Amino acid sequence: MFRIGVCDDEAYFRQDIEKRLEAYFKEKPFEPEIHIFEKGQALLEEAEKKPFDLVFLDIEMPDMDGITLGARLKTMFEETLLIYVTSYDAYVSHAFRLDAFQYLKKPLDDSFFQEEMDRALAQYALKKQKYNFEYNGVKMSVPITKIIYLESQRWSVIVHTEDENFKIVSKLGEEEKRLTAHGFIRIHQSYLLNMQYIEKFLSDRVFLKGQKEPLPVSRKYKDAAKRAHLSYQSKVGI
């Protein structure tokens, strides 16, 4: 069940998004559960019962603006995807400081709405996928989206995640085959990283979110890695 919340103080736009969602999901394998709200507090109370996978937020609302509402949602449920809907471009920078998934301009464009819903579903599916491995003789799995990068170390690979690190018996090339389709790129003989964590890609190093030290980029992998990253940005960026 793909759980969606829509919050807008204007009835027309609430109904417009609801109709678009209903039409979109008629030809999709996902079953949506759509909840419509006029006020932000009501959405928050429902989210506390069960988190939303995706939330559409109007930015200008009388009881609680969308930026404040989005910040509270992200604090409670980091994985909730936020799509801001507004008539004013001035709010874009504020929205993306909250790691917003996308920003849609009113009135909504049909093709762009469908493209962003396709992208949201792809992101949702990715979050459900697990990376399976054996650690100290125990079979384990972590969400692929939690993996920041993998590091080659002699006859083993260190899997660096948001929560902890795991040392597994493998070769980085083998893990690259498993993870390339999930947005990972090789930047060095010793490093394979998750592009969703890239903060800044320079010619000789990459800065990653949540990491103090950058990772080196070798001449051998630089061009291919930059092309892959640009392609990734074009798909997930604004």
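In what order do the 5 strands of the open sheet stand? Hi everyone, let's start there. This is a predicted model, and its open sheet follows the order E2-E1-E3-E4-E5, with parallel pairing.

Let's look at the edges. Strand E2, residues 32-37, and strand E5, residues 102-105, each have a single partner strand, so one side of each has no neighbour in the sheet. On average, neighbouring strands are turned by 20 degrees against each other, ignoring direction.

Now let's zoom in on one pair. Strand E4, residues 81-86, runs parallel to E5, and 4 bridges join them. If you'd like a spot to find on screen, look for isoleucine 83, which stands opposite glutamine 102 in E5.

Next, the helices on the sheet. Helix H1, residues 11-25, packs on the sheet and touches E1 (2-7), E2, E3 (54-58) and E4. The direction of H1 makes about 175 degrees with that of E2. Helix H5, residues 110-128, lies across E1, E3, E4 and E5, and runs at about 160 degrees to E5.

Finally, a pair of helices. H2, residues 40-49, packs with H3, residues 66-76, at an angle of about 10 degrees, and their axes are 11 Å apart. Because angles under 35 degrees count as roughly parallel, H2 is roughly parallel to H3.

And which residues of H2 and H3 make the contact? From H2 we have Gly40, Gln41, Leu43, Leu44, Ala47 and Glu48, and from H3 come Leu69, Arg72, Leu73 and Met76. Sorted by class, that contact has 6 nonpolar, 2 polar and 2 charged residues.

Thanks for listening!

Notes
Residues are numbered from 1 along each chain as its sequence is written. This is a predicted model: local features need pLDDT of at least 70, side-chain atom pairs count only at pLDDT 80 or more; totals for chains, interfaces and linings use all residues. Side-chain values use heavy atoms; hydrogens and water are left out. Axes are lines fitted to C-alpha atoms, for helices over the stretch in contact, and angles run from 0 to 180 degrees between N-to-C directions. Helices (H or I, at least four residues) and strands (E, at least two) are DSSP runs, numbered from the N terminus. Angles under 35 degrees count as roughly parallel, over 145 as roughly antiparallel, 65 to 115 as roughly perpendicular and the rest as oblique. Contact means heavy atoms within 4.5 Å. Ala, Val, Leu, Ile, Met, Phe, Trp, Tyr, Cys and Pro count as nonpolar, Asp, Glu, Lys and Arg as charged, and the others, Gly among them, as polar. Two strands pair if DSSP finds at least two bridges between them.
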